[in-house]
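Visitor: Before we start, could you walk me through this structure and explain the reasoning behind each term you use?
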Amino acid sequence: MSCETHRQKAFAALGQSNAATLEAIYQAAATLPTLPATASPKLSLASLKDSVKTLRARPVKPSLWRDVDERWQNRVVAKGMPLDEHGAAMYLRDYGKGLGVEKACALATKAEKRGAMRFAAAMWVKAYEIQNKVSGGLPILIKDAFITEFGKPESDEAMLNRLKDATKDIREKRREERAAEREETESAQAAANRNVLPSSLNNLPPLSPTILPTSARAKFLTDATWWGQLPLSGEARRVRVDGKTDSGDMPAEIAARLKAAQKSCGAYAVEGAISDGRFVIARALAIEGRDLASATERARIEAAERIVKEVGHESVALVETARTASQKVMLTKQSGEQLWFQAACAYNAPNCYIQTKGEK
Amino acid sequence: MAKSVNDLHPMLREAQAKTMLVFEVFLRVQPENKLPVHSKDGIPKPDNCMGYAAVWDKLVAEDMVQGQTAIYLNAAAEDAGLDWRELAQVFIENYREPASKAEAIKASAGARLYLADMKRRGFRPATPLTPDGLPVPAWQVAYAAVHESLRQGAKAKVKTPAMAEAV
């Protein structure tokens with residue numbers, strides 16, 4: 001059934017008396033009148049500039065890029081079109097039929113990327129004309145003024161920026177690749193060195209704190225950057241655990257336990273002393289093959305804590321470190337000497353390790 | 001629709017909206033619910049739309065949209081204490097593409113509520129619906145605008161008696 005029959009049936013359903021009237025009204029009005037023109041945008045240089053600004057901000061579809069690249073190569077370059085408004089006019093004369101706004105914008109952007117600013121300006125004008133349905137084209141004065149202003153040859157700086165932008169992705173990708181490569185090399189190096197102690201440990205001088213009277217310690221009690229320990233009782237010694245170094249006169253059981261911890265801690269070196277049949281560690285000087293001498297005292301103590309935890313036996317203990325004010329007060333109540341040091345200092349840094357004499 | 005509703009001449013846009021209202025009347029009076037249109041978007045050709053727009057103006061002028069020919073707007077307007085002609089005007093004026101993504105989301109929500117109420121009252125929309133149960137965005141904006149007017153009307157209607165008592 002045709003549309004007409006459906007319509008007539010519907011009119012009839014509205015009442016026989018109305019049907020004829022409605023059909024007559026319909027027939028009289030069912031022609032497309034010449035529609036009065038809506039307010040068209042005012043054709044001026046300002047409106048052209050504004051529109052071009054908006055058009056430039058529109059992203060170009062990737063699929064369109066391929067098309068435009070090909071056309072630029074096969075039409076503009078291959079046919080030797082001048083890279084100015086005359087070239088754009090030639091292009092539009094030969095291939096402009098049915099050109100859409102999007103493609104005109106993409107062509108303009110392409111021309112700009114190639115530094116053909118006058119060609120690009122003429123394409124922006126075309127995009128504006130298509131978008132605003134400007135029949136017969138823009139007035140020549142507006143067009144020329146726009147092309148003169150927008151089509152200025154690039155300054156050296158602008159060209160440099162354009163080239164920088166064009167190669168930005170490549171540069172970023174290369175930078176990322178280099179960083180990934182460096183990281184990989186470093187981690188491979190670290191894995192290879194994990195069980196080798198740094199040679200710098202061989203020349204590390206023994207800890208030599210400055211000795212001050214008891215009265216000097218008041219400063220360390222209130223300053224949170226200073227921590228305290230009881231000095232090692234017994235002969236301080238450095239123990240190197242790297243699977244090669246002889247453990248010397250270390251009791252066999254303790255030596256075996258320290259060696260077992262190498263599996264998880266890598267090659268390490270600690271500073272400690274044998275006391276009451278136990279090996280008491282004050283700080284680590286290396287762990288996982290990394291030199292800790294230039295790291296902070298905090299890092300050395302934390303490494304020592306990790307090693308003691310990995311050994312997990314009472315034969316290897318840790319010197320307690322007083323970090324808070326109350327712990328430091330408790331430390332001062334113990335007889336004998338106290339060792340004070342800055343938590344953030346390198347090993348043996350001058351004036352960072354202070355030993356105070358005990359009260360008794 | 002070949003191009004965006006917003007690109008249409010305002011006169012033609014108005015004619016399309018009025019055509020949909022005439023079609024709602026047709027859906028009420030045609031037992032087989034066949035509309036005189038074959039296009040996929042449910043909108044007749046521009047010249048036919050102009051004809052239906054003139055028919056709509058006649059139906060409104062002669063007060064013929066009532067009783068058996070009453071459309072959803074009549075029933076909904078009565079409940080909300082509004083004039084259905086005003087609602088029809090809201091529908092015609094808001095037949096346009098949503099201006100932003102936020103408006104599109106709001107419009108789809110409003111259109112869903114409009115269509116649900118329409119269904120509840122036993123009416124059918126004349127606009128073709130997509131599989132998600134909604135018409136194209138331009139109709140969604142129109143439906144949502146009418147729904148909002150109905151909501152405001154219902155709110156005002158509830159408030160009025162209470163205020164009168166207070167006075």
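**Reading the terms from the model**

Guide: In chain B, which has 167 residues, 41% count as buried; please keep in mind that this is a predicted model.

Visitor: What makes a residue of chain B count as buried?

Guide: A residue is called buried if 20 or more other C-beta atoms lie within 10 Å of its own, and 41% of the 167 residues in chain B meet that condition. By the same criterion, 28% of the 360 residues of chain A are buried.

Visitor: Which secondary structure elements does chain B have?

Guide: Chain B has 6 helices and 0 strands, so that its elements read α-α-α-α-α-α from the N terminus on. Chain A, for its part, has 14 helices and 10 strands.

Visitor: How many of the contacts in each chain join residues far along the sequence, at 24 or more positions apart?

Guide: Among contacts in chain B with a separation of 6 or more, 79% are between residues 24 or more positions apart, and in chain A, where contacts between residues at least 6 apart are considered, 67% join residues at least 24 apart.

Visitor: Why are helices α5(A) and α7(A) called oblique to each other?

Guide: Helix α5 (residues 85-95) of chain A and helix α7 (residues 117-131) of chain A pack at an angle of about 45 degrees, and their axes are 7 Å apart. Angles under 35 degrees would count as roughly parallel, and 65 to 115 as roughly perpendicular; the angle of about 45 degrees falls in neither range, and therefore α5(A) is oblique to α7(A). The crossing of these two helices is right-handed.

Visitor: Which residues make that contact, and what classes do they belong to?

Guide: From α5(A) come Glu85(A), Gly87(A), Ala88(A), Ala89(A) and Leu92(A), while α7(A) supplies Arg118(A), Phe119(A), Ala121(A), Ala122(A), Met123(A) and Lys126(A). Sorted by class, the contact has 7 nonpolar, 1 polar and 3 charged residues, and the polar one is Gly87(A), because Gly is placed among the polar residues.

Visitor: What makes α4(A) oblique to α6(A)?

Guide: The axes of helix α4 (residues 62-77) of chain A and helix α6 (residues 101-113) of chain A cross at roughly 60 degrees and come within 10 Å. Since roughly perpendicular begins at 65 degrees and roughly parallel ends at 35, the value of roughly 60 degrees makes α4(A) oblique to α6(A). This crossing, too, is right-handed. The residues in contact are Leu64(A), Trp65(A), Val68(A) and Trp72(A) of α4(A) with Glu102(A), Lys103(A), Ala106(A), Leu107(A) and Lys110(A) of α6(A), which divide into 6 nonpolar, no polar and 3 charged.

Visitor: Why are β1 and β8 of chain A called edge strands?

Guide: The open sheet of 5 strands in chain A has the order β1-β10-β9-β2-β8, with mixed pairing. In this sheet β1 (210-212) and β8 (321-322) each pair on one side only, and they are therefore the edge strands.

Visitor: How do you know that β2(A) and β9(A) pair?

Guide: Pairing requires at least two bridges, and 4 bridges join strand β2 (residues 226-229) of chain A to strand β9 (residues 338-342) of chain A, so the condition is met. The two strands run antiparallel, and the bridge partner of Gln229(A) in β9(A) is Leu339(A).

Visitor: Where do the two chains touch, as seen from chain B?

Guide: In all, 24 residues of chain B are in contact with 20 residues of chain A. On the chain B side, α1 (10-29) and α2 (46-61) each supply at least two residues, and α2(B) gives the largest share, 10 residues.

Conventions
Residues numbered from 1 in each chain as written. Chains lettered and ligands numbered in written order. Predicted model: local features only at pLDDT ≥ 70, side-chain atom pairs only at ≥ 80, totals over all residues. Buried ≥ 20, exposed ≤ 12 C-beta atoms within 10 Å, placed from the backbone. Contact = placed C-beta atoms within 7 Å. Axes fitted to C-alpha atoms, helices over the stretch in contact; angles between N-to-C directions. Parallel < 35°, antiparallel > 145°, perpendicular 65-115°, else oblique. Left-handed = near helix turned anticlockwise from the far one by under 90°.
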